[in-house]
Amino acid sequence: MKKYDAIVIGSGQAGTPLSKKLAESGLKTALIEKRWVGGTCVNDGCSPTKTMIASAKVAWTIENSRELGIITGDYKVDIKAILKRKNDVVHLMRDNSEKGILKTKNLDLIYGNASFKDKNTITVLLNDGTDQELSADKIFINTGDKPSIPDIKGLSEIEYLTSTSILELMEIPDHLLIIGGGYIGLEFGQMYRRFGSNITMVVHSERLLSKEDKDISIEMEKILSLEKIDILIKSKVISIKKTAKGIKVEIDTDGKISTISCSHILIAAGRIPNTDVLNLEAAGIKTDKKGHIEVNERLETSTEGIFALGDVKGGPAFTNIAFDDYRIIRKNLLEKGKFTTSGRLVPYCVFTDPQLGRIGMTETEALEKGLDIIVATMQNSSVARAIETGDERGMMKAVVDAKTGKILGAAVLAEEGGEFVTILQMAMMGGIPYQEIKDAVFAHPTYAESLNNLFMTLDS
């Protein structure tokens with residue numbers, strides 16, 4: 001038994017900075033990681049996918065350069081070179097993170113699988129096959145989540161892909177069928193279409209991005225359809241069968257049965273928390289029906305002295321939220337603060353091209369809450385900068401409180417939409433009403449300048 005002041009399970013975007021800060025404050029700390037430092041974001045999430053998406057954007061630009069008067073010859077997509085660059089980026093970030101941990105005093109990095117023996121004791125099955133027991137009065141869980149695999153007849157008989165395994169695929173699929181219509185499915189679908197794959201997306205809900213407003217979802221579907229991505233709405237895969245020529249997939253589309261042949265299948269049907277091997281019952285830690293650890297607004301679990309951060313606790317599954325969880329814990333435990341998750345803004349970005357930047361409430365959510373709102377919308381075909389750069393795809397939208405004029409939420413489906421929507425987030429943080437943005441002087445010609453015209457629509 002080795003005694004610590006604090007144990008952190010998982011070296012994701014909350015666990016790594018938290019473990020370092022705890023150690024720097026003088027607490028003897030252990031950081032347990034079963035695989036690689038950095039968590040999903042660094043190893044098989046944000047960093048690798050956005051690196052590959054950058055390559056896909058170049059392919060699209062070359063393909064569409066003729067409209068801008070640039071005539072190019074044939075080009076080739078070198079998937080091995082793309083994957084090498086992706087791996088170089090991942091290793092750079094992972095190695096830098098690990099070096100930062102190893103040079104931190106009072107911090108031990110332990111590689112292995114952790115499980116609770118009781119509320120203060122962790123058993124670690126080390127990667128060398130031996131066991132080690134650790135104890136601490138405070139334990140922090142940041143184990144993240146993993147792809148959810150649906151129960152489909154015949155799925156186990158093929159070598160299907162997940163958002164993790166596809167990152168190591170050394171070939172470009174001839175025909176990639178994607179099960180799921182969320183952020184992950186959209187990003188991979190557009191990426192591999194640009195690499196040269198035929199793409200079919202099987203979407204169970206009535207539209208893509210079912211948590212977004214309908215007009216945003218429709219606009220996204222238009223954009224993907226322009227790239228000849230086949231989207232099957234209100235559909236589900238009934239069965240899968242391996243054949244001599246590939247994979248045969250039986251699909252139910254709103255009651256109509258059809259069969260599609262493809263070369264590869266990507267499962268992008270959601271994610272589930274990494275809690276199944278933690279033996280949470282031994283520590284009295286409660287979970288919800290999906291296995292997420294239940295926490296209060298201070299990120300405390302049902303067991304005193306144990307906290308959960310990031311995707312493992314459910315809620316918005318974004319890196320920036322996990323990092324903010326760390327900030328809340330740090331401020332409360334080390335700085336005697338009284339910070340909570342209540343009311344925090346949740347910005348995120350879907351890295352399709354164009355990007356979908358989002359902040360705050362959707363129109364649908366505001367109406368469900370019975371709020372008195374006005375809504376500003378504008379197509380990017382009315383944005384001077386978009387016209388000049390030759391990319392008028394997408395739209396922007398803002399939900400505004402009708403009485404105060406303050407912005408409640410926004411969606412920007414546009415070039416660098418994630419950066420663009422941050423301007424509106426800053427306005428929300430400062431309580432700036434839309435009237436001030438409408439009359440603000442922005443540099444010309446920029447995307448930001450279009451905010452003048454967006455909010456002018458509310459006074460017309």
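User: In this predicted model, does Lys-438 count as buried or exposed?
Analyst: The relative accessibility of Lys-438 is 17%. The cut-off for a buried residue is under 20% relative accessible area. Because 17% falls under that limit, Lys-438 counts as buried.

User: Which residue meets the side chain of Lys-438 in a salt bridge?
Analyst: The salt bridge of Lys-438 has an N to O distance of 2.5 Å, and its other side chain is that of Asp-459. The pair links distant parts of the chain, 21 residues apart, with Lys-438 in helix H11 (residues 434-438) and its partner in the segment after helix H12 (450-456). That partner is partly exposed, with a relative accessible area of 44%. The residue that meets Lys-438 is Asp-459.

User: How many residues apart in sequence are the parts tied together by Arg-194 and Asp-353?
Analyst: Arg-194 and Asp-353 form a salt bridge, with the closest N and O atoms 2.9 Å apart. Arg-194 belongs to helix H5 (residues 183-195), while Asp-353 sits in the loop between E18 and strand E19 (355-360), so the parts that the pair ties together are separated in sequence by 159 residues.

User: Are Arg-35 and Asp-44 buried or partly exposed?
Analyst: The side chains of Arg-35 and Asp-44 meet in a salt bridge of 2.7 Å, N to O. Arg-35 has a relative accessibility of 31%, so Arg-35 counts as partly exposed. Asp-44 has a relative accessible area of 8%, and therefore Asp-44 is buried.

User: What is the count of salt bridges?
Analyst: A salt bridge requires a side-chain nitrogen of Lys or Arg within 4 Å of a carboxyl oxygen of Asp or Glu. By this rule the count of salt bridges is 30.

User: Which element supplies the largest share of the lining of the second largest pocket?
Analyst: The second largest pocket holds about 580 Å³ of space. Among its 22 lining residues, Trp-60, Thr-61, Glu-63, Asn-64 and Arg-393 are the closest to its centre. Helix H3 (46-63), H5 and helix H6 (214-226) each contribute at least two residues to this lining. The largest share, five residues, comes from H3.

User: How many charged residues are in the lining of the second largest pocket?
Analyst: The lining of the second largest pocket includes seven nonpolar and five polar residues. The number of charged residues in that lining is ten.

User: Which strand gives the most to the lining of the largest cavity?
Analyst: The structure holds one cavity of 30 Å³ or more, and the largest cavity has a volume of about 60 Å³. Strand E21 (395-401) and strand E22 (407-414) are the elements that give two or more residues to its lining. With three residues, the strand that gives the most is E22.

User: How far apart in space are Ile-267 and Pro-147, C-alpha to C-alpha?
Analyst: Ile-267 is found in strand E15 (residues 264-267), and Ile-267 is buried because its relative accessible area is 3%. In sequence, Ile-267 and Pro-147 are 120 residues apart. In space, their C-alpha to C-alpha distance is 7.8 Å.

User: What is the area of the nonpolar surface patch made by Leu-345, Met-426 and Met-429?
Analyst: Leu-345 is located in the loop between helix H7 (319-334) and strand E18 (348-350). With a relative accessibility of 31%, Leu-345 counts as partly exposed. The nonpolar surface patch that Leu-345 makes together with Met-426 and Met-429 has an area of about 300 Å².

Technical notes
Residues numbered from 1 in each chain as written. Predicted model: local features only at pLDDT ≥ 70, side-chain atom pairs only at ≥ 80, totals over all residues. Heavy atoms only, no water. Patch = residues over 30% accessible without salt bridge, like charges linked within 9 Å, V, L, I, M, F, W, Y side chains within 5 Å. Areas by Shrake-Rupley, 256 points an atom, 1.4 Å probe, with all protein chains shown as cover. Helix = DSSP H or I, 4+ residues; strand = E, 2+ residues; numbered from the N terminus. Buried < 20%, exposed > 50% of the residue type's maximum accessible area, 1.4 Å probe, protein only. 1 Å grid on protein atoms, 1.4 Å probe; cavity = no way out; pocket = protein on both sides within 12 Å on 5 of 7 lines; lining within 4 Å. Points joined across faces, edges and corners; volume = space filled by probe spheres on them. Nonpolar A, V, L, I, M, F, W, Y, C, P; charged D, E, K, R; others polar.
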